[in-house]
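Please open the model in your viewer and keep the selection panel at hand. The stops below are given in order, each with a selection to make and a description of what is found there.

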Amino acid sequence: MHETVIPVSPDWAEGALINRARYEEMYAQSIADPEGFWRDVAKRIDWIKPFTKVKDVSYDPADFRIRWFEDGTLNVSANCIDRHLAKHADKTAIFWEGDSPTEMRNITYQQLHDEVCRFANTLLAHGVKKGDRVTIYMPMIPEAAFAMLACTRIGAVHSVVFGGFSPDSLAGRIQDCGSTVVITADQGIRGGKTVPLKANTDLALTQCPDVKHVLVVKRTGAKVPMMAGRDVDYFEFAATMPTTCKPVEMGAEDPLFILYTSGSTGKPKGVLHTTGGYLVYTAFTHEVVFDYRPGDVYWCTADVGWVTGHSYLLYGPLANAATTVMFEGIPNYPNVSRFWEVIDKYKVSIFYTAPTAIRALMRDGEEPVKSTSRASLRLLGTVGEPINPEAWLWYHRVVGEERCPIVDTWWQTETGGILISPLPGATDLKPGSATKPLFGIKPELVDSNGNILEGAVSGNLVLADSWPGQMRSVYGDHQRFINTYFRTYKGKYFTGDGCRRDEDGYYWITGRVDDVINVAGHRLGTAEVESALVENTKVAEAAVVAYPHEVKGQAIYAYVTLKAGQPVTDTLADELKKFVAEHLSPIAKPDVILFTPALPKTRSGKIMRRILRKIAEGDTSNLGDTSTLADPSVVSELIERAKQTS
Ligand code: WT7
């Protein structure tokens, strides 16, 4: 197979923060002496009380612990704001670009300080204390960032729920972490369409009797019902609040935030990150992966509802006193040049987005890109799903004009920050490969029995040691954390990803090996989509698999059996798609629904998803071993129906 290699350019080799020799030296040191390595890296953070212990980790389920810098204390908001004020009070912290190109805000570090303090004081006035959980269900407006940072200032634990989730999903997340305060907006606005955030919150709260206060930030000004005694007009209240608020001293291992993510089974897990290690790791990786320099304008297009929006829109960049762009809109509104126009408007030098956006924009050709300058760009990044070489090469040639290296960054909600990625001045690039491990990261490939595989080989990706940004627990269910990640392969963290390593030691992530699917960079569990489907009274059983999709990477294929006597009408498939959008999220809407009288099951009643995947992919030539099926005729029936549906 021919592989393109794009070597580090002489400019980058010379001018980069970290060149090849330095990467190799630092990597070797980080593996040989992790304590020494991270002790030095952690100096970039201002500690209130310095730590004396660096690392205390055991992946043995019987004696489990992950602790970093555990006796140090710090405050995240003070690190992201206050310590920059002496030099950077007037520097832009956030360039906010609204959904409409005519709306923008420029927030300096001083203003960020004042607004975060106002928000923190508002939370305190509503009884929020250190350790309390606060749910944030917001559009991409600066107040979402202020709210998150305000939580960290007073030691509250935020749980941001993506604004695209349904009232049911929001309710489940509020209940799971026991928030008594919810922060939302009247409405969101994306691509010219409004999102009924307050109305969704009201619906969710019919299931959440413990919520005492809802802080409502005005975004569109739409008239929304306000429940007396519960709902608070945020701006009205905050106007009376002082713009100073003392940051609370937090232990390095105190919880920082919870972020729900989908697993292969059950309801979404509350991934818990803690304070010290997370901040050290995101700040450090933001600098080294993006070769961040003080003059850069940095833009990560992720929503704050996802981990990328936490680590690389907010915490990493702000800890580094960067100027970060926050964008409320979508790539194709009001036109398909929007990304590139925003880059020109703010002179963005580092741009970080998802493969799905690149694939979608590719379809509109080169003209909408070439009509813009993009002269400010020097580095590009991708995240969230594997990027196909064709999209990579287009991004490189058309968007970056072959001048900008691309960092394909592999990581997960659980990992807190980037683990496998090129460094732009150190790593020759191969389109489609996340390339090499970052400092302190020990990737290994194992077979299904846990044997370590050497050399150029494919296997399951595990990590043999800890890093400071690693998640510490599943909120409220520590055993689930241990069982999910540390029991499959003894002494290792199991990522859930399959991966190939080539002759040069480069890693190529091939996608999930469990029942997690990735639709347009959004992570979903097949079980969640199935349970949304069976909530519908017409549905008896559902099995969901992913199939390859040109733009979204993966799309959702749902096999549905109906309850006895339930006819398949012309409108039923659309009705069920809408049902899933409303009960789970529009991002979880099945692309294909296939009605079938039965699902292929083993004699013990287990659905054979392998077969369903093959049929969804249209690859029925070799279905593998079907001898364990209870009723093999189900398969030929399914293949027939799939042909009619496609
Ligand atoms: C899963 C994690 C990382 C923040 C956004 C997604 C896939 C992520 C890459 C990449 C190939 C990738 C993996 C991973 N993934 N980045 N560069 N190349 N696959 O976080 O929602 O927790 O999803 O996304 O399958 O396990 P997430």
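Begin by selecting Thr92 and Asn106 and displaying their side chains, which are joined by a polar contact of 2.9 Å. This is a predicted model, and the distance is computed from its atoms. Thr92 belongs to strand β4, which comprises residues 92-97. Is Thr92 buried or exposed? Thr92 has a relative accessible area of 12%, and because that value is under the limit of 20%, Thr92 is classed as buried.

**The ligand**

Next, select the ligand together with the residues around it. The surrounding shell holds 17 residues, of which Asp408, Thr409, Thr413, Asp497 and Arg523 come nearest. By character, the shell divides into 6 nonpolar, 6 polar and 5 charged residues.

Now display the individual atoms for three stops within this site:

- Arg523: a polar atom of the side chain is 2.7 Å from an oxygen atom of the ligand.
- Asn518: here too a polar side-chain atom faces a ligand oxygen atom, at a distance of 3.5 Å.
- Gly384: a polar backbone atom lies 3.1 Å from a nitrogen atom of the ligand.

How much of the ligand does the protein bury? The ligand taken alone exposes 550 Å², and 95% of that is buried by the protein. To see which elements contribute two or more residues to the shell, colour α12 (307-319), β20 (406-409) and β26 (507-512).

**Positions listed in UniProt**

Select Arg190, Gly191, Gly192, Lys193, Thr308 and Asn332, which an unreviewed UniProt entry lists under "binding site". These positions span 143 residues of sequence and are also spread in space, with up to 24.0 Å between C-alpha atoms. Centre the view on Arg190, found in strand β9 (residues 188-190). With 42% relative accessibility, Arg190 is partly exposed.

The unreviewed entry in UniProt also gives Val534 and Val539 as "binding site". Of this pair, choose Val534, which sits in helix α18 (residues 526-534). Val534 is partly exposed, its relative accessible area being 35%.

Then select residues 528-606, for which the unreviewed UniProt entry has the label "domain: AMP-binding enzyme C-terminal". Within this span, 24% is helix and 32% is strand, and the C-alpha atoms at its two ends lie 17 Å apart.

Continue to Gly618, in the loop between α20 (609-617) and α21 (633-645). Gly618 is exposed, at 60% relative accessibility. Add Tyr547 to the selection: although 71 residues separate Gly618 and Tyr547 in sequence, their C-alpha atoms are 9.0 Å apart in space.

**Backbone geometry**

Some background is useful before the next selections. Most residues other than glycine have a negative phi, and most peptide bonds are trans.

Select Tyr333 and Pro334, and inspect the peptide bond between them: this bond is cis, with omega at about -5 degrees. Pro334 lies in a loop that runs between β17 (323-327) and α13 (338-346).

Proceed to Asp291, whose phi is positive, near 50 degrees, in a residue other than glycine. The loop that holds Asp291 lies between α11 (275-289) and β16 (297-300). Asp291 is buried, with 2% relative accessible area.

Glu402 is another stop with a positive phi, near 60 degrees, in a residue other than glycine. Glu402 is in the loop between α16 (389-399) and β20. Is Glu402 buried or exposed? Glu402 has a relative accessibility of 56% and counts as exposed, because the limit for that class is over 50%.

**Cysteines**

For the final stop, display the cysteine sulfur atoms. A disulfide is a covalent bond between the sulfur atoms of two cysteines. How many disulfides does the model contain? The count is 0. Cys80 is in no disulfide, and the nearest cysteine sulfur, belonging to Cys117, is 13 Å away. Because a disulfide requires two cysteine sulfur atoms within 2.5 Å, the sulfur atoms of Cys80 and Cys117, 13 Å apart, do not form one.

Cys80 is buried, at 0% relative accessibility. Finish by selecting Cys499, which is also buried, with a relative accessible area of 1%.

Terms used:
Residues numbered from 1 in each chain as written. Predicted model: local features only at pLDDT ≥ 70, side-chain atom pairs only at ≥ 80, totals over all residues. Heavy atoms only, no water. Near = heavy atom within 4 Å. Polar contact = N/O pair within 3.5 Å; in protein donor to acceptor, adjacent residues only side chain to side chain. Areas by Shrake-Rupley, 256 points an atom, 1.4 Å probe, with all protein chains shown as cover. Helix = DSSP H or I, 4+ residues; strand = E, 2+ residues; numbered from the N terminus. Nonpolar A, V, L, I, M, F, W, Y, C, P; charged D, E, K, R; others polar. UniProt positions renumbered as here; feature names shortened; annotations may be inferred. Buried < 20%, exposed > 50% of the residue type's maximum accessible area, 1.4 Å probe, protein only.
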